[in-house]
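Dear colleague,

I am passing on the structure below, together with some notes on what was found in it. Please read the notes alongside the coordinates.

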Amino acid sequence: MNRLPDDYIVPLDRWIQSSIHWLVDEWRPLFQALRWPIAKVLDGVSDGFELVPFWLVILGFFALGWLIVNIRTGLLAAASFTAIAFLGLWDEAMISLSILATAVVFCVLIGVPLGILSGRSDRFWSILRPILDIMQTTPSFVYLVPVVMLFGIGTVPGVIATIVFSMPPIIRLTNLGLRQVPADAIEAGEAFGATEWQALTRIRLPLALPSIMAGLNQTLLMAMVMSVIIAMIGAEGLGLTVLRGIGSLDVGLAGIGGLAIVLMAITLDRITQGLGQPSRPSDGASPSLWRRFRQSRQP
Amino acid sequence: MTTKLEISQLYKVYGTRPDEAMTLIDQGVHPSDILARTGQVAAVMDASFSVKEGEIFTIMGLSGSGKSTLVRCLNRLIEPTRGSVSIDGEDILAKSRADLRGIRRTKISMVFQNFALLPHRTVMDNVQFGLSLRGENVEASRAKTLEVLEQVGLSDWANHYPDNLSGGMKQRVGLARALASDPDILLMDEPFSALDPLIRDELQQELLKLQRDIKKTIVFITHDFLEAVKLSDHLAVMRDGRFVQIGTPQQIVLSPVDDYVRNFAKEMDRSRILTAGMLARAIATVTVPAGATVKQAQQQLRNAERRHGAMIDNAGIMLSMVSADALATAPKADLASDHLPVPNFATRPADCLLADLYPLFAGNQPVVINAQDGTHLALLEAADVLQILSGVNGAEKSISSPPVDTEKKALTT
């Protein structure tokens, strides 16, 4: 045999396993506590989608698209969700949407502050960056094992895996946005006596906003990608439809599941891209409803 | 006028070991050697000056001379290494961060070379920026904001975004923002350097016009010598982190301390700096009393080697002009007042610029220069002006010496 003798092989696999076991045994209450806020938000969101009739959701996305981007995006959103309704996947789509919304909310709540800290402190960023690199290069399947061991199976652990997988972009782009704020704007704030907090909320964050919104967009798309994968640990939604289709060699079922995911992804991508556009009238072409409203209010 | 801003022996060294550099500076080592030996950059060395209330003090220097560093030391955007800065007698360097913020919000504000406007806010909100940082009531500060926008002529642009404005307009917004918090002191860091020449000229004029109403104490930074001369009451020329010369623009143009300053001064059109009053003091003017005879008048003119003289009364008011030509054929014993030339001369006040006298010499007649109180100062011939502008006879020495106060602002009009 042309390899290292077995006696020399480092038993890293066993070490990892025993440390995960240790984590599970000793820290289980903590991880169960972590589930709680996520489960609450998820339940709230999915209950909300259940209460609202499907046509109102379609109308809501039409309004959202029009409000944030333009009427064409509004129509696209309405068409996509109407198509999903006609595919007979409405319930699954709403669960996926709830998972997505929950994951994105937590990504923003955790990711933006981390991004701000990274943007302010080179030391913090030098610690965080390799962690983000590991998070992004680790294959998404690999997340599933520790997540299942720590949190169990089901939709909530699926959301947790999604959060972990899709958080890096918003941290990175918040950090980048803050670092790209022109030095003279910051100096002007200082010269006029802005406190740290004022400089952050009135200069840095507004000027970094397009970049943060691009991060949000990326995070959302990563979460979308994850929605199929988390079906393997029992998360419900469109991913499960696809998985079931593949499992029973039902190409049709897998196909419409995939189609619904694509439609939803395109719609959400277009709408969140609109968030990143500067909110001032520059090109004048087909302005969003919000922009028209603001313009009309100007004396 | 009281002293508003007093800077004494200010030093700024960039780097991690400023003490080492300071020791070398004290030994008189040149900054480039200090950089080579210690890696520290001595940006400002031994800067001392004071600015009176309502005065424009300009610091002029080429890029890298340390002028932008120096102006940032005044509001501590950059911490000076050594020295003192005081506003109204209060030491700024001893202030806590919170006190310093208060000073920046109310007493001292700044205009930047690249405008540094916030692109996500309208013109209105940009101007209101300083007021909003102070936490002032939105409605109350709106009135103040509209007032300063009116002052800089941008009332119609209040709801536009900076991106839609030209460079000149952006800097008006920058100026309005600085004025909105009603500071005592304005720091202007090359505010017009990024603008094209015509707009720059326009804004210079407007700043001077505005300054007549608002009477702020202004520290103005520029690399443009002509701009410095045009705007300032006092002017400091800076080179390699040190002041080379401080003085009024007239003093610097007329008696530069070394070749470096002389090189800048050379570019300057002296006729736009020198006033008739300054020249009047430098020449031998002939004043003939009202009761003088022809002979006495001729004698006086001959002694002074001049062709024209002024006949004045006891109060020093000019009654008429006497000329050698008109007296030449007159009987010696007559009163000079009986033999006056045709009165076709022009009269100008003492603060008239020499450049503005040129057209008056067309008729080969002298120009009468009166002091502010109406008393006669001198009769200027075209030759007098030419002589002073060509700089012969060392005549400029006698001009550049004080007092210059009365004509100080003349060159700006």
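Which residue of β15(B) does Ala346(B) stand opposite? The partner of Ala346(B) is Val367(B). Before going further, please bear in mind that this is a predicted model, in which local features need pLDDT of at least 70 and side-chain atom pairs count only at pLDDT 80 or more, while totals for chains, interfaces and linings use all residues. Residues are numbered from 1 along each chain as its sequence is written, and chains are lettered from A and ligands numbered from 1 in the order in which they are written.

To stay with that strand of chain B, β15 covers residues 367-370 (helices, H or I of at least four residues, and strands, E of at least two, are DSSP runs numbered from the N terminus). On one side β15(B) pairs with β14(B), residues 346-349, in the parallel sense over 4 bridges, where pairing requires that DSSP finds at least two bridges between the strands. With β16(B), residues 376-380, β15(B) runs antiparallel, again joined by 4 bridges, and here Val367(B) stands opposite Leu380(B). These two strands, β15(B) and β16(B), form a hairpin with 5 residues between them, and Gly374(B) in the turn has a positive phi of about 95 degrees. Val367(B) and Ile369(B) point one way from β15(B), Val368(B) and Asn370(B) the other way, and all are buried (20 or more other C-beta atoms within 10 Å of the residue's own, with C-beta atoms placed from the backbone).

Leu380(B) also appears in the largest nonpolar core, where, of 117 residues, Ala176(B), Val219(B), Leu279(B) and Leu380(B) touch the most other members; such a core is a set of buried Ala, Val, Leu, Ile, Met, Phe, Trp, Tyr and Cys residues joined through C-beta atoms within 7 Å. This core draws at least three residues from each of domain 1 (3-107 + 183-268) and domain 2 (276-412) of chain B, the bounds coming from an automatic or database domain assignment. The C-alpha centres of these two domains of chain B lie 41 Å apart. A second, separate core of 68 residues includes Cys107(A), Phe165(A), Ile170(A) and Leu240(A).

Finally, the contact between the chains takes 17 residues from chain A and 19 residues from chain B, two residues being in contact if their C-beta atoms, placed from the backbone, lie within 7 Å. On the side of chain A that touches chain B, the largest share, 6 residues, comes from α9(A).

With best wishes

Key
Buried ≥ 20, exposed ≤ 12 C-beta atoms within 10 Å, placed from the backbone.
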